[in-house]
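Biologist: I should be grateful for a close look at a single part of this structure, followed outward into its surroundings. Please proceed step by step, so that each residue can be located as it is named.

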Amino acid sequence: MHNFILGIFDFLKNILQFFKIVCVFCIIMITLYWIQNLIGAQWAWLGFMKPFLDSILAYANSIYSLSFDFFGATFELKYLSSVIILVLLTLTMTVIIFGLNFLEGLYKSAHFVYKKTEETLMNKKFENDITREEKRIQKYTVVINTQLKKKFAHQELNVDIEKHNKIMNDMIMAKTSVKPANYQGGYMYAFTNFDKVDTILDIMFKLIHSESPLDFSVCIQVGEQIKQLNKLIKLQNYGKITIAADTAYRYKFNETHRYQISTVGIFQLDDSTFEVHEFKEIL
């Protein structure tokens with residue numbers, strides 16, 4: 001429809017430009033015809049246009065007859081009146097073309113504003129749809145793997161890993177009321193409110209910064225992407241709380257962000273690349 005309306009504007013302007021050219025051509029021909037008659041010449045090349053020019057002169061004279069008396073004689077200046085009328089027509093068409101250009105400019109501006117408004121509304125709707133879809137994802141899984149810190153790894157220290165794992169799990173259960181399940185050599189916790197993940201992150205960072213002889217690898221994954229979770233676990237990023245790209249993206253839609261996200265790197269796993277991020281404390 002937009003192109004159709006622009007086409008109408010172009011069509012009208014082209015028609016008017018054509019008639020302007022015709023009017024200018026007629027003005028030139030009538031002027032030459034007038035000169036021919038004044039000097040009493042007979043230009044053969046002008047002869048074929050005589051019927052056409054005479055009809056213009058007669059029509060112009062019927063619209064506006066320009067004449068004056070001089071010593072009792074009446075002089076009819078039909079040539080001049082026809083030229084004046086044609087000049088006025090040319091000026092009128094010029095004004096109309098100017099008006100059409102002005103209206104076309106107004107239309108284009110209005111259409112631009114309309115399209116930008118429509119685009120803004122569509123983008124807002126698209127953004128709201130994405131937000132709504134992302135906010136529906138509330139389930140997430142936390143898997144914690146442990147190992148002895150290097151300074152406690154000497155056999156003579158005889159650190160009981162299972163005992164410290166139990167202390168860790170008891171602490172987390174006391175704070176979250178969620179019981180862990182054994183998974184991939186570690187402990188899996190299932191949660192159902194990702195909007196409140198900062199509360200869980202508080203616990204995980206306290207765990208990482210604790211005086212425990214254990215080193216912790218914490219992996220968090222939203223939704224049901226078990227393959228991604230397994231890849232995170234396989235990387236064994238101890239001392240970090242790692243997440244995949246989809247979890248990092250989902251975190252952006254939370255209302256509060258007590259932690260920031262940083263890129264760990266891109267890894268080659270199972271013949272495919274895997275982007276890993278981590279939660280970091282805001283300093």
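**From one loop into the core**

Modeller: Ser177 is found in the loop that lies between helix 5 and strand 4. The model is a predicted one, and this loop serves as the starting point. The backbone of Ser177 has a phi near 60°, a positive value in a residue other than glycine. Most residues other than glycine have a negative phi. Is Ser177 buried or exposed? Ser177 has a relative accessible area of 69%, and because the cut-off for exposed is over 50%, Ser177 counts as exposed.

After this loop comes strand 4, residues 181–183. Strand 4 is joined to strand 5 by 3 bridges, and the two run antiparallel. One pairing can be located directly: Ala181 has Met188 of strand 5 as its bridge partner. The two strands form a hairpin with 2 residues between them. In the turn, Gln184 has a positive phi of about 50°.

Strand 5 also has a partner in strand 3. These two strands run antiparallel and are joined by 5 bridges. Here Val142 has Tyr189 in strand 5 as its bridge partner. Strand 5 itself is mostly covered, with 5 of its 6 residues buried.

Val142 leads on to the largest nonpolar core. Which of its 29 residues touch the most other members? They are Val142 and Ile144. The elements that give two or more residues to this core are strand 3 (140–148), helix 5 (161–176), strand 5 (186–191), helix 6 (197–208), strand 6 (214–222), strand 7 (240–244) and helix 8 (245–251). Helix 6 gives the most, with 8 residues. The surroundings of Ile144 may be traced one by one. Leaving aside residues up to four places away in sequence, Ile144 touches Met168, Ile172, Gly186, Tyr187, Tyr189, Met204, Leu207, Phe216, Ser217 and Val218. Tyr189, the bridge partner of Val142, is thus among the residues that Ile144 touches.

Val218 offers a route onward, as it is also touched by Thr242. Thr242 is found in strand 7. Is Thr242 buried or exposed? Its relative accessible area is 0%, so Thr242 is buried. Not counting residues up to four places away in sequence, Thr242 touches Val218, Cys219, Ile220, Leu232, Asn237, Val276, His277 and Glu278. Of these, Glu278 is the bridge partner of Thr242 in strand 9. Strand 7 and strand 9 (residues 272–281) pair in the antiparallel sense over 4 bridges. Between helix 7 (226–235) and strand 7 there is a loop that holds Gln236. Gln236 has a phi near 50°, again a positive value in a residue other than glycine.

Strand 9 pairs with strand 8 (residues 259–269) as well, in the antiparallel sense and over 10 bridges. Val276, one of the residues that Thr242 touches, stands in strand 9 opposite Gly265. The hairpin of strand 8 and strand 9 has 2 residues between the strands, and Asp270 takes a positive phi near 50° there.

On the other side of strand 3 in sequence, Lys151 has its place in the loop between strand 3 and helix 5. Lys151 is exposed, with a relative accessible area of 60%. Lys151 and Phe126 are 25 residues apart in sequence, yet their C-alpha atoms are 52 Å apart in space. Phe9 and Asn101 present another case: they are 92 residues apart along the chain, and their C-alpha atoms are separated by 8.1 Å. Asn101 lies in helix 4 and counts as partly exposed, at 36% relative accessibility. Phe9 is included in a second, separate core of 19 residues, together with Leu16, Leu53 and Met93 among others.

The largest pocket completes the survey. It has a volume of about 200 Å³, and Phe19, Cys26, Tyr59, Ser82 and Leu89 are among the residues that line it. Two or more lining residues come from each of helix 1 (2–39), helix 3 (50–63) and helix 4 (78–136). The lining divides into 11 nonpolar residues, 1 polar residue and no charged residues.

Key: Residues numbered from 1 in each chain as written. Predicted model: local features only at pLDDT ≥ 70, side-chain atom pairs only at ≥ 80, totals over all residues. Heavy atoms only, no water. 1 Å grid on protein atoms, 1.4 Å probe; cavity = no way out; pocket = protein on both sides within 12 Å on 5 of 7 lines; lining within 4 Å. Points joined across faces, edges and corners; volume = space filled by probe spheres on them. Nonpolar A, V, L, I, M, F, W, Y, C, P; charged D, E, K, R; others polar. Core = buried A, V, L, I, M, F, W, Y, C linked by side-chain atoms within 4.5 Å. Buried < 20%, exposed > 50% of the residue type's maximum accessible area, 1.4 Å probe, protein only. Contact = heavy atoms within 4.5 Å. Pairing = 2+ DSSP bridges.
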